[in-house]
Amino acid sequence: MGGKLNVYERLMEEFKRLIDLGALKYGEKLPSCRALATERGINPNTVERAYSELEAEGYIHILPKKGAYVEKGGDGRRSEEIRKQLRLFRTAGATKEEVLLLLEEAYAEGEEPKEEV
């Protein structure tokens, strides 16, 4: 997605990141739309839209009149995906040393200044 994100999209990205990193755990209750809107100084409809889209993507589950709960938090979605990729290297016959060397090279490439597009 290029350019600036809408408020609800920024909110979604923030919650996705927190869930993927495990900072929000499975079953954890999220703030109510009204409480979060008041805390952030945004319209409750904006929070409602973000929550609705997060639910559609499987990150949270909304129970009417009870609240929104993390559906996939704490399961380390991001970490598990990384583990899955590492297992593929091992299955392909790569040694730990080879993988570490490739990892160091990949991160070194990322340290170069990026040109603006």
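This passage describes how helix α1 packs against helix α3 and which salt bridges involve these helices. The structure is a predicted model, in which local features require pLDDT of at least 70 and side-chain atom pairs count only at pLDDT 80 or more, while totals for chains, interfaces and linings use all residues. Residues are numbered from 1 along each chain as its sequence is written, and side-chain values use heavy atoms, with hydrogens and water left out.

The axes of helix α1 (residues 7-20) and helix α3 (residues 44-56) come within 9 Å and cross at roughly 50°, helices being DSSP runs of H or I of at least four residues, numbered from the N terminus, and axes being lines fitted to C-alpha atoms over the stretch in contact, with angles from 0 to 180 degrees between N-to-C directions. In the contact (heavy atoms within 4.5 Å), residues of α1 including Leu-11, Phe-15 and Lys-16 meet residues of α3, among them Val-47, Arg-49 and Leu-54.

Five salt bridges were counted, each defined as a side-chain nitrogen of Lys or Arg within 4 Å of a carboxyl oxygen of Asp or Glu. Within α1, Glu-13 pairs with Lys-16 at 3.7 Å, N to O; Lys-16 is buried at 14% relative accessible area, whereas Glu-13 is partly exposed at 37% (buried is under 20%, exposed over 50% and partly exposed in between, with a 1.4 Å probe and protein chains only). Glu-14 and Arg-40 form a salt bridge at 2.8 Å, N to O, and this pair links helix α1 to helix α2 (residues 33-40) across 26 residues.

Terms used:
Helix = DSSP H or I, 4+ residues; strand = E, 2+ residues; numbered from the N terminus.
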